[in-house]
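Colleague: Please take me through one part closely, namely the interior and the elements that pack around it. I would like a connected account that I can follow on the screen.

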Amino acid sequence: MGLVKRSSTESRQYLLSPLGRGRYHRPMFDLHRLPSGLRILTAPVEGTQSVTVLVLVGAGSRYEEQSNRGISHFLEHMFFKGGQRYKNTKDVSAAIDGVGGDFNAFTGKEYAGYYVKVSAAHTELACDVLSDMLLHASFPQEEIDKERGVIIEEARMYEDTPMYRAGWDFEELLFGDTPLGWDTIGTEEVIRTVKQADFQRHKQELYTPENTVITFAGNITKEQAKAYGELFFGKLAGKKEKTFAPLVSPGTRKIWYREKKTEQAHLVLGVPGVHARHADHVAMKLLAIILGGTMSSRMFINIREAKGLCYYISTETDTYLDAGAISTRAGVDQSRLHEAITLIRNEYDAIAECGITDEELHQAKEYVKGKLTLSLEDSEERAHFFGKQELMYPETWSIEEYLARYTAVSKEQINALAKRLLTTEQLRLVVIGQGTSEEKLAALLQ
């Protein structure tokens with residue numbers, strides 16, 4: 001099926017070509033830009049009664065400095081403290097709970113998001129709540145003071161969860177003492193001292209029309225979405241005043257060991273990868289699936305099933321606009337930690353030296369296709385799929401275009417990538433557990 005792109009300066013639609021006998025799919029997505037620069041993206045879903053309204057802003061923790069480290073995540077919390085119409089957290093919660101809706105927010109390294117998911121009949125309410133937060137959040141000082149304790153406890157929760165802490169340590173190994181290497185939760189010093197004016201300044205610098213995408217996904221038309229977007233979000237104003245510094249080079253540290261009394265040792269072993277706009281970005285995702293992305297992957301079969309070494313083991317990718325990583329994480333018995341590291345390392349060496357099979361590549365591609373198809377039946381997932389692309393990347397792909405990029409990847413491309421990335425020199429290792437040392441761990445990577 002070929003794609004037909006219809007575009008104008010104000011709006012563009014992405015349609016699938018005819019499916020025989022004059023039948024057409026509904027548009028996969030439609031993009032409309034307001035005079036302010038704010039983008040309104042509509043991604044309809046047939047056969048659902050829900051609508052997700054998602055606000056995405058290029059305002060992640062990469063935009064921070066040491067002096068305000070953690071403000072992006074703290075700001076996310078403060079948006080729920082009320083504006084003009086919904087004056088406090090109770091008002092916000094009661095409005096959405098009262099119609100059986102869901103709402104949440106998240107802060108990443110490069111963007112932040114806020115969404116409400118409701119039945120289609122309550123889309124206007126979702127817009128009313130989100131726009132009141134986005135346009136009129138006042139960040140009362142008394143609420144800031146109360147929320148400090150909540151965020152400090154959240155940080156302690158993550159510190160007490162080695163699976164999370166190991167992942168944060170791994171990114172610091174890769175990206176060093178930079179905003180990309182810092183965890184998004186921030187420092188306790190900043191959490192305890194940040195003021196109302198700091199939040200207002202951060203919002204003014206980044207929460208601007210050209211740095212924001214409003215996505216409507218689910219049981220909604222582009223005409224409805226445009227009307228809601230203009231009515232509720234059209235007054236968003238300002239110009240983006242801040243950018244983040246590019247990552248110049250990876251961190252130099254190779255091993256990070258935290259001594260902690262835990263039942264399991266938790267590890268992350270991986271290497272720097274390619275960035276999100278790199279030609280090999282999709283190939284790296286397929287490589288991760290083959291290595292440890294499914295229950296039939298190499299890591300799962302050869303280490304979990306054959307050796308009984310761990311309960312969880314997976315290989316994943318993390319990608320940013322100018323950096324990336326591929327890594328395997330696992331939780332293992334303390335006494336078998338070194339064995340587990342060696343076996344994971346062996347799987348890396350084997351795929352780098354001998355490559356993948358045709359069957360593995362076919363299965364990985366079908367896995368991506370199936371998972372994406374299932375996930376995009378959910379309006380929330382669909383909103384994030386299209387909204388993130390529109391916010392972060394030069395192009396926004398339809399589902400067909402997105403999958404075509406996976407179809408085009410060859411075995412030779414993945415083999416060359418594995419050989420280039422999975423080298424001894426590139427390996428980085430994080431361990432949280434007991435009974436070893438950085439010297440012993442380093443010897444396993446020689």
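Modeller: A nonpolar core is a set of buried Ala, Val, Leu, Ile, Met, Phe, Trp, Tyr and Cys residues joined through side-chain atoms within 4.5 Å, where buried means under 20% relative accessible area. Please keep in mind that this is a predicted model. By that definition the largest nonpolar core has 127 residues, and those with the most contacts inside it are Tyr114, Tyr207, Phe233, Leu267 and Leu286. Helix H9, residues 281-292, supplies the largest share of this core, with 9 residues. In general, nonpolar side chains in soluble globular proteins tend to be buried together.

Phe233 is a useful place to look: not counting residues up to four places away in sequence, Phe233 touches Leu38, Val55, Cys127, Leu130, Ser131, Leu134, Ile214, Phe216 and Tyr228. Apart from the largest core lies another, of 14 residues, among them Ala166, Leu173, Trp256 and Val268.

Burial also marks helix H1 (residues 71-78), which is largely enclosed by the rest of the structure because 8 of its 8 residues are buried. The buried residues of H1 include His73, Glu76 and His77 as well as Ile71, Phe74, Leu75 and Met78. Around the buried residues of H1 are packed strands S6 (102-107) and S7 (112-119), together with helices H4 (141-159), H6 (188-193) and H7 (196-206).

Turning to the sheet, 5 strands form an open sheet with mixed pairing, in the order S9-S13-S10-S12-S11. Strands S9 (255-259) and S11 (310-319) stand at its edges with a single partner strand each, so one side of each is left without a neighbour in the sheet. The partner of S11 is strand S12 (residues 324-333), which runs antiparallel to S11 and is joined to it by 8 bridges; within this pair, Ile313 has Ala330 in S12 as its bridge partner.

Two helices lie across strands of this sheet. Helix H5 (residues 162-175) lies across S9, S10, S11, S12 and S13, running at about 150 degrees to S13, whereas H11 lies across S10, S11, S12 and S13, at about 25 degrees to S10.

H11 (residues 337-354) also packs with helix H10 (residues 298-307), at an angle of about 145 degrees and with the axes 10 Å apart, in a right-handed crossing. In this contact Arg298, Met299, Asn302, Ile303 and Lys307 of H10 meet Leu343, Ile344, Glu347, Tyr348, Ala350 and Ile351 of H11, and the residues divide into 7 nonpolar, 1 polar and 3 charged.

Note on methods: Residues numbered from 1 in each chain as written. Predicted model: local features only at pLDDT ≥ 70, side-chain atom pairs only at ≥ 80, totals over all residues. Heavy atoms only, no water. Buried < 20%, exposed > 50% of the residue type's maximum accessible area, 1.4 Å probe, protein only. Helix = DSSP H or I, 4+ residues; strand = E, 2+ residues; numbered from the N terminus. Contact = heavy atoms within 4.5 Å. Axes fitted to C-alpha atoms, helices over the stretch in contact; angles between N-to-C directions. Left-handed = near helix turned anticlockwise from the far one by under 90°. Nonpolar A, V, L, I, M, F, W, Y, C, P; charged D, E, K, R; others polar. Pairing = 2+ DSSP bridges.
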